[in-house]
Number of protein chains: 4
Amino acid sequence: MATLDILHGLTQDDFNAETLGENKFANPLNLPDAYMMSIGKRVLFQNIIVDEKKIEGKELFSFERPGPFRKIFFDPTKINVGIVTCGGLCPGLNNVIRSITYDCLDGYKVKNVYGFKNGFEGLTSEYSQEALRLSADMVNSIHEQGGTILGTSRGAQTEVDMVDTLVKFNISILFVIGGDGTHHGSQKIAEEIKRRNLKISIIGIPKTIDNDILFIHKTFGFDTAVEEARKAISAAHVEAKGARNGIGLVKLMGRHSGFIALHATLASGSVNVCLIPEEEDFSLENLFERIEKRFTKSDHLVVVVAEGVGQDFLNKSIEKKYDASGNIVLQDIGIFLKKEISKHLESKKFPHTIKYIDPSYMIRSTSANAIDSSFCLRLGTYAVHAGMAGRTNVLIGYWNQHYCLVPIPLALRQRKQVNINGAEWRSVLEITVPKQK
Amino acid sequence: MATLDILHGLTQDDFNAETLGENKFANPLNLPDAYMMSIGKRVLFQNIIVDEKKIEGKELFSFERPGPFRKIFFDPTKINVGIVTCGGLCPGLNNVIRSITYDCLDGYKVKNVYGFKNGFEGLTSEYSQEALRLSADMVNSIHEQGGTILGTSRGAQTEVDMVDTLVKFNISILFVIGGDGTHHGSQKIAEEIKRRNLKISIIGIPKTIDNDILFIHKTFGFDTAVEEARKAISAAHVEAKGARNGIGLVKLMGRHSGFIALHATLASGSVNVCLIPEEEDFSLENLFERIEKRFTKSDHLVVVVAEGVGQDFLNKSIEKKYDASGNIVLQDIGIFLKKEISKHLESKKFPHTIKYIDPSYMIRSTSANAIDSSFCLRLGTYAVHAGMAGRTNVLIGYWNQHYCLVPIPLALRQRKQVNINGAEWRSVLEITVPKQK
Amino acid sequence: MATLDILHGLTQDDFNAETLGENKFANPLNLPDAYMMSIGKRVLFQNIIVDEKKIEGKELFSFERPGPFRKIFFDPTKINVGIVTCGGLCPGLNNVIRSITYDCLDGYKVKNVYGFKNGFEGLTSEYSQEALRLSADMVNSIHEQGGTILGTSRGAQTEVDMVDTLVKFNISILFVIGGDGTHHGSQKIAEEIKRRNLKISIIGIPKTIDNDILFIHKTFGFDTAVEEARKAISAAHVEAKGARNGIGLVKLMGRHSGFIALHATLASGSVNVCLIPEEEDFSLENLFERIEKRFTKSDHLVVVVAEGVGQDFLNKSIEKKYDASGNIVLQDIGIFLKKEISKHLESKKFPHTIKYIDPSYMIRSTSANAIDSSFCLRLGTYAVHAGMAGRTNVLIGYWNQHYCLVPIPLALRQRKQVNINGAEWRSVLEITVPKQK
Amino acid sequence: MATLDILHGLTQDDFNAETLGENKFANPLNLPDAYMMSIGKRVLFQNIIVDEKKIEGKELFSFERPGPFRKIFFDPTKINVGIVTCGGLCPGLNNVIRSITYDCLDGYKVKNVYGFKNGFEGLTSEYSQEALRLSADMVNSIHEQGGTILGTSRGAQTEVDMVDTLVKFNISILFVIGGDGTHHGSQKIAEEIKRRNLKISIIGIPKTIDNDILFIHKTFGFDTAVEEARKAISAAHVEAKGARNGIGLVKLMGRHSGFIALHATLASGSVNVCLIPEEEDFSLENLFERIEKRFTKSDHLVVVVAEGVGQDFLNKSIEKKYDASGNIVLQDIGIFLKKEISKHLESKKFPHTIKYIDPSYMIRSTSANAIDSSFCLRLGTYAVHAGMAGRTNVLIGYWNQHYCLVPIPLALRQRKQVNINGAEWRSVLEITVPKQK
């Protein structure tokens, strides 16, 4: 949007909201201070600036924007490129594969697009011969299917072996679609390439259904995941309402970051308790108190729990209970909560029914919804532009309403998590049963 | 997200992408200069700053953020509030009504929430007695339905009459959900309130399925609309493939702004020609050339046209054709194109089949998808917080990844449109049949 | 189901419902006599009998059942088969193609399965070279897509030319998927084959989204069509409720038979007036009376009209109105009703809003729902079994809960229509605004 | 359909399929004799006959048809009726409640419609005061929601207590929506009513998502369940294809009858092994052999298992394994198979990934699809007509394409199951990996 001409003659006053007068009444909302507003925190209007600068001594940082350059690093008609999908399934994988393939073949006219099979495993000498030579026909309608036509896997391979494969296939750009674990691998591959002084670009497309990669506002597949998660919550809600003191319990994805649980809770409007890993003080007692409080006002209850909740707690309680086993099998928080809630309510002679839903595989295997599809198409295109321009060891990010290039080492510094004192979590608190003191 | 601690020790170098070397090959993409990248345009990392400042002499502007304050302007337990929905249907209207009602009744404990019926008409002395007194029970499951339980209408009422109604109902905050036409009305109401020196807050929630309101990155219902639009395109694609030289033609919403057509095109991956109002040089000849070019390479074709395309052209050609009639009935661009394309191909003795789809009412009457639902819930909450804090004559916006308060006069300065030289439109150009010179 | 052992020792008494006593109160339902029950009409329990017989002088007829025989007419490994899809799109076409192809190649190991392109046109000498040689890979996932990979067309080709093509391709069984028009063609092809004394089997699979083929209880795609039609009605309902005296008008498929309109009306529960071609006395005056009656009790209205309604009426009124033009263009009943209803209500100074939805292409291009998919798979299999067994000039029917073989000449004797005095239509009358006397 | 006039002049010859000649080639299909056709089994054309008769000494039975009579047993304006929903959730419950309520209040003008809460429990003296007095407004849009607004429960109450409640509420007709367990209860209530010589009608609406009630061709909610089950299979298929030697395992409902597994298998086209309870010789060895056979030809596998499969087997193996515990907890066949398949493939050093999906609650809590909605509406209407006509102790059935009255004692004689030697199961065998000898 060309907004510059609109700004002509404006001053900050034009950006300030009109107000009726002085605020003097106490807010009846029962929220901790952390969630209350203070004057002064404002949202910047401009979102693109030239070069890095400081404001009031505070340093400003910026990301490079990807896109097609007039001059590019590779001679596209002479090169091969490779694609690999790693980690768990996520809606949109096939869309990204399709977008990269089309843009390379139809746009840049590259010689060959190789799809390596089943994650980094497909880049090893053992499995590299399985690689597919992708054509436009092969990828034409794959975006209508969930999953990935390339297959995927988890786990580590040596970067030496994988770079050998890149050399063997004469790959100039490798597109790696995966999560933070994967991109630790991407970084190692990029480092090995540098060590050997090769001209191979490593372009990462961040893929995490949990939306937990830093500096990327929202990852592809996330909206689709929330849509499917809402269906599971809706089922739990129907089950809960269909029985005397019915309880619906839904476990959602989110090992370390509760974004899916949070947004599915906001989207459904039917959740009474939402548990995410970022809330560190998980306790059964507190959960039981909230459940009991809900049942004083209603005859049904829906609980959403992210899979990463209470792992410390769980490990401890399992050790105490089952002890001595030698090899500890991680217990499922959903199944655990189902048992504990039942046990507790039975001990209170409280008649109830509890239904547990684990929709994870049905969520992640879905095909991408429309906005995710549009997003994936553009991620793929930008990845190709970035690779052609010789960028390497970077992810295609989306930040401040713009696609951007995020250096992999920067993105891996930390995991993105729900700010437990922030506005999104406040919204959850406003519509669920509050924690007891 | 509390990113400040992560930034410790970083420099701009950490934000710069690694590069393999100098770019020296010509880019084979056949794109105008406007779409090519130049070094220097970068994406700001930070998105919130304190107070307005300048960078290199360029003024920075910022919006106020909404949220709950410790001290508020109204004594909530003593006030009535009103809600009104105006203009065309849009997915999410009921979600916003539900969110405002819940937050006012359960959160702020206001005395009464009145829902005025059928848009501004419901604020006139003639119809105000139809207003509903909303309760939590009444709105409990309305977010699962499309449309608006309050009804809606278009058209103007006098602000004097409407403010009289606000006074009569003892309204302290009026929530107006509507598009730019509506908020011209909101602004007039706010001005009349000021003239009478009343303490009534006017809070607007921007509603436009076309996503054409300035300074609001994406309006509610837009993602849902794109999802439904994609279904229509998919139907057109199936029809096109099911016949010798089949043509699928879809008209989508977008009087002045082609965002739905644009994103549905990117989402579907099956569109060959996408026409939006922002491209000003619409001509049938050019369209025919693109159609013929497509048929040299394929046996089917999908065309998407936004409803506002070619209105000037249409008015002219209709005048010439039907002349003299006195009252000109605006012709439908979709039906017009269907006829003209058929006529042209018949004149060329080119056997073909054309199927025309107009899904508009099926799109706008859908219930909100998950992400839009989550978005609507939060828009409603922020609207309530803003009203309680005495803000007035403002819209709840979403900008740079944050909710913000946008003064209505600022938002109405101009209409948001697709930047025809920007990256989004470039993505469309990359996947459709290029315009002929 | 092996029910014979269950029947041991039963008498008709076991099949008679218990009753509380004599019926002596008048039924308050305001229904014509035709719709009232009389004792004696009963539902036969048994559904398969051996050979034709008489009961009380009334002749009983029966259809042959299809399935695999130990001995078959063709040596499957030595033959080619052909598939052709004709007429309009219908959900499930690709499922039937896939089922036939798989069963021929994997089950019966036939040499070649040819898919002729674009309906009977693909069987002409002009276009037969376009035929595809289908493989399991090619059809593997086509059942997830709407439409037909073979394309389709309407219109007549000479049977001489088409049988020449069958001979040229050495086809032993031709599977023809189409409606009654198509199967007039199938019959002619079968007759020409007989005339030449060829050994080619013509097996028809009835395809009519209108469900209007005689002796076939329900055609494939019908359930899916009703599902999609319900969505359009739901949109019309939302639009109607969203405006003062809102009217939603939906045109559904059904040239001569109103089954889709009927079942979509029952499925939605939101329709107030349902118009089908089988009701012969269509008049605008009667429609207006029903509309006015509805508005005395409610503030919104939904009208469903099948496309074949009022064609006689329409032709007459159009002649009167536009006269003299030479070539009469058939007017659309939906658009016509929209105008006439508006005109009438305006003449009565009755404020209202009317929204018209024509979802036809979006309905017929959908992929088959689950039950239709299961049905199509079995239709395809039975078609192959019937062809292998040397049956010809037959359709695969479904009657009395069993698949059966229906001779094409029998099926074409008349069109299946809604029994306007039957129980299904009575159900519509019970939930809509009654016609005025 | 008034077919009688069409039949004029027809003979059985018109119903016989044309044939090309003698069958003399061996059928290559590898199917047991039970599945092969023999001449002579035919499908009766007529489906309604008058009174019971014999054909060739074989007795014919028939069911009474429900519908509105001119004279009815009750004076509707003077009576109360009751509705109760029992057992597990099933798509369509709310549709039936809505249909009965509307027909009683709007059609027959009964005084009161009581909805008893949470199954038969709501008919006890302890809980009967929770009963809701249903109005048209209360049920207006409930058919768009899954579950039941009345709640449900399992388990037995004494018929004496329940009939006391009916008397107390002055109920003349009780509509009981439930499965075979429930209708054992209905029968006992009817018997107790008879014992007391009361004039209360008990009308059952068969509700079983497993479709396992005798003499009812298809129960409501079944088509919807198959639709949702197909989604789970689709997810399993995507997961299976997304990994090296991926296995997707889906457990579907079906304690004693495998209809959902069967039809979801036919609908999906992606299942390689389908296990249902009717196949009695379940063994792990046989399953392993089929899995291994599949992997010789493909790199992925989908297994569907009905929940009732292998219970004998499971009980035995669990006893052997965990023994001594006193109280045997029934193990889940899905989880059991997941473990055993993994263990087996690991013992063979066969690399693989297995994903297990249990979609049961998400299936049964869905709202009814269109055809089920239409079906439920009519079931409800017929139930009301039957009750008004003084019928009692009957179910509303659907047989030979007609609604009919099935005496409850007859329906309870046996459970409906998949005919393991029938045509439906043959279709499954034709598309899955055959069992090894």
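Chain A is assigned two domains: domain 1 covers 76–219 + 368–411, and domain 2 covers 223–365. This is a predicted model, so it helps to keep the confidence values discussed further down in mind as you look around.

**Inside chain A**

The C-alpha centres of domain 1 of chain A and domain 2 of chain A are 35 Å apart. The two domains do meet: 14 residues of domain 1 of chain A are in contact with 13 residues of domain 2 of chain A. On the domain 1 side of that meeting place, the residues divide by class into 6 nonpolar, 5 polar and 3 charged.

**Where chain D meets chain A**

Moving from domains to chains, 23 residues of chain D are in contact with 23 residues of chain A. Which elements of chain D give two or more residues to this side? They are helix H5 (222–241), strand S17 (353–357) and helix H10 (360–364) of chain D. H5(D) supplies the largest share, with 5 residues. By class, the side of chain D that touches chain A holds 9 nonpolar, 10 polar and 4 charged residues.

Here are the two contact sides for which the classes are given:

| Contact side | Nonpolar | Polar | Charged |
|---|---|---|---|
| Domain 1 of chain A, touching domain 2 of chain A | 6 residues | 5 residues | 3 residues |
| Chain D, touching chain A | 9 residues | 10 residues | 4 residues |

**How chains C and D are related**

Two copies of a chain are related by a rotation about an axis and a shift along it. For this pair, chain D is superposed on chain C by a rotation of 180° with 0.0 Å of shift along its axis, at an RMSD of 0.0 Å. The two copies are therefore related as by a two-fold rotation axis. If you would like a landmark for that axis in chain D, try D:Asn400: its C-alpha is the nearest to the axis in that chain, 2.4 Å from it. Both copies use the same surface, and 100% of the contact residues of chain D recur in chain C.

**Backbone spots worth a look**

A few residues that are not glycine have a positive phi. A:Phe215 has a phi near 70° and is found in the loop between strand S13 (201–206) and helix H6 (222–241) of chain A. Is A:Phe215 buried or exposed? It counts as buried, because it has 23 C-beta neighbours inside 10 Å.

B:Lys349, also not a glycine, has a positive phi of about 55°. B:Lys349 lies in the loop between helix H9 (333–347) and strand S17 (353–357) of chain B. With 6 other C-beta atoms within 10 Å, B:Lys349 is exposed.

Helix H1 (residues 93–107) of chain B has 15 residues and spans 20 Å from its first C-alpha to its last, close to the expected 21 Å. Because 13 of its 15 residues are buried, H1(B) is largely enclosed by the rest of the structure. After H1(B) comes B:Lys109, with a positive phi near 55°.

**How confident is the prediction?**

For the complex, the predictor gives an ipTM of 0.91 and a pTM of 0.93. Chain A has a mean pLDDT of 88, and 89% of its residues reach 70 or more. One stretch of chain A calls for care: over residues 320–329, pLDDT stays under 50, and the model has 1 contact beyond four places in sequence for them. Where pLDDT is low, the predicted coordinates should not be read in detail.

Terms used:
Residues numbered from 1 in each chain as written. Chains lettered and ligands numbered in written order. Predicted model: local features only at pLDDT ≥ 70, side-chain atom pairs only at ≥ 80, totals over all residues. Domains from an automatic or database assignment. Contact = placed C-beta atoms within 7 Å. Nonpolar A, V, L, I, M, F, W, Y, C, P; charged D, E, K, R; others polar. Least-squares fit on C-alpha atoms with pLDDT ≥ 70 in both. Helix = DSSP H or I, 4+ residues; strand = E, 2+ residues; numbered from the N terminus. Buried ≥ 20, exposed ≤ 12 C-beta atoms within 10 Å, placed from the backbone. Expected span 1.5 Å × (residues − 1). pLDDT = per-residue confidence, 0-100.
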